[in-house]
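Student: I'm new to this one. Please pick a single part and take me through it up close, then show me some other spots worth a look.

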Amino acid sequence: MLTLIRNGNVYAPDHIGKKDILLTGNKIGYIKDHIDLPEGFADIRIIEAEGKLVVPGFIDAHVHIIGGGGEGGYRTRTPELQLTDATLAGITTIVGVIGTDGTTRTMPSLIAKARALEEEGITCYAQTGSYQVPVKTLTGKIEDDIILIDKIIGAGEIAISDHRSSQPTVEELAKIASAARIGGMLSGKAGIVNIHVGDSYDHLKLIEDVVEQTDIPLRQFYPTHINRNPHLFEEGIRYAKRGGYVDFTTSSIPKFQEEGEVKCSRGLKRMLAAGVGISQITFTSDAQGSLPDFNEAGELIGMKVGKISSLYSEVRDSILLEDIPLDQAIRVITKNPADILKLPHKGAIEAGRDADLVMLDPDDYQIDTVIALGRTMVEGGQAIVKGTFE
């Protein structure tokens, strides 16, 4: 099936102006100022994008696709992600993770859900493991998971600086990173280690100790929740200025921000002002994960669920409230995660890449149309493709 998107104002994410884009099946075939169709050629779908902004499909690199939570008992286990949760939020690529509960949330379930989401129309990968060390893998070894399982691209989310972590040592984290690195090298994948960073004042010290005591590079690690409190955020700036990647979590509740959590849109502006390169920063939603509130004794006193819609909401706030240019703001959910996770067919509007596109209203940046792998999933802000049980 051929699809011609006409006269869209294209941010690829760099602004390249008004273009026609020809989609050939699930790929971007051509991008030109004007694409003429052969006379009498009828087997083509035409989407008029005049007056719309066209950007790459969004990547959410940290989603609890099979649900998460459980810190308050079995009834606090959060539900699975549904297809339209993602597509209505402009998300065409997801990386699934397991969090606190690595016992009842398992790797076979994670991979099955990733494949289910792909059958329903979007792209989905996974990390092997959960908070706990030793890592519970699918095959028995981190490197085997990454090398042999197409969907698995790295390890995580491994928890540090958190009372819910298994308190890994420098040696244990180094071995995880080494296994992931070798697995990535041998399979052509990123082999990145996704790190959950908690509220402890140890901050990112464990990662830095591994880097100082071994030959593992800083960019083998991908720490998330860097905006969870003011002191971690400041450490995150220092860490990023050393060359590391930092990931902000967009799901939040007002109480967390009242207690000092850094709103992602503001945090992005602050990091850029501090001299951190835009290519080192990403946003992820932590969707379907729990948002637990603990008191000083470590006792659970409240619980909410992360929303995948928060991902683009914070990018939109970056543009509208913080005056960050669209071509910069959109990178944190397109090109940056694609580059960090070595997803060469994602994250940009370019011939040969996957046909994942989002069309935005230029006045308020609301999502109008979402195309995943060449298939229109959302049109006029409404889901026209739904999940199997929606």
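Tutor: Here comes a walk through the place where the domains meet, followed by a few other spots. First, some ground rules: this is a predicted model, in which local features need pLDDT of at least 70 and side-chain atom pairs count only at pLDDT 80 or more, while totals for chains, interfaces and linings use all residues. Residue numbers start from 1 along each chain as its sequence is written, and side-chain values use heavy atoms, with hydrogens and water left out.

Now the domains. Domain 1 is made of residues 1-53 plus 342-381, and domain 2 runs over 56-339; these bounds come from an automatic or database domain assignment. Going by C-alpha atoms, the centres of domain 1 and domain 2 are 29 Å apart. Where they touch, domain 1 puts in 28 residues and domain 2 puts in 31, with contact meaning heavy atoms within 4.5 Å.

How much do they cover up? The size of an interface is often given as the accessible area lost when the parts come together. Here about 2,500 Å² is buried between domain 1 and domain 2, and 66% of that comes from carbon and sulfur atoms (buried area is the accessible area, with a 1.4 Å probe, that two parts lose on being put together, summed over both). On the domain 1 side, Lys342, Leu343 and Tyr365 account for 25% of the area buried against domain 2, more than any other three residues.

What about charges and hydrogen-bond-style pairs? The interface holds one salt bridge, a term for a side-chain nitrogen of Lys or Arg within 4 Å of a carboxyl oxygen of Asp or Glu. There are also nine residue pairs in polar contact across it, both partners at pLDDT 80 or more. (A polar contact is a pair of N or O atoms within 3.5 Å; within protein, one must be able to donate a hydrogen and the other to accept it, and residues adjacent in sequence count only if both atoms are side-chain atoms.)

Which elements of domain 1 face domain 2? Strand 16 (357-360), strand 17 (367-372) and strand 18 (375-379) each give two or more residues to that side, and strand 17 has the largest share with four. Helices (H or I, at least four residues) and strands (E, at least two) are DSSP runs, numbered from the N terminus. By type, the touching side of domain 1 splits into 18 nonpolar, four polar and six charged residues; Ala, Val, Leu, Ile, Met, Phe, Trp, Tyr, Cys and Pro count as nonpolar, Asp, Glu, Lys and Arg as charged, and the others, Gly among them, as polar.

Strand 17 turns up again in another pairing. Asp368 and Lys52 form a salt bridge, 3.8 Å from N to O; Asp368 sits in strand 17, Lys52 in the loop between strand 4 (44-48) and strand 5 (53-56), and 316 residues separate them in the chain. Another salt bridge joins Arg331 and Asp14 at 2.3 Å, N to O. In total, the count is 26 salt bridges.

Close to Asp14 in sequence is Pro13, in the loop between strand 1 (2-11) and strand 2 (15-24). The peptide bond leading into Pro13 from Ala12 is cis, with omega near 15°. A second cis bond runs from Val133 to Pro134, with omega near 0°.

One more spot to zoom in on is Glu71, in the loop between strand 6 (58-63) and helix 1 (83-87). The side chain of Glu71 makes polar contacts with those of Arg164, at 2.9 Å, and Ser290, at 2.8 Å. The C-alpha atoms of Glu71 and Leu300 are 7.3 Å apart, although their positions lie 229 residues apart in the chain.

Strand 6 also takes part in one of four aromatic pairs in the whole structure. Phe58 and Tyr312 are stacked, 5.0 Å centre to centre with 20° between the planes. (Rings of Phe, Tyr and Trp, its six-membered ring, pair if their centres lie within 6.5 Å; planes under 30 degrees apart are stacked, over 60 edge-to-face, and the rest tilted.) Because Phe58 is in strand 6 and Tyr312 in helix 9 (residues 310-320), the pair ties together parts 254 residues apart in sequence.
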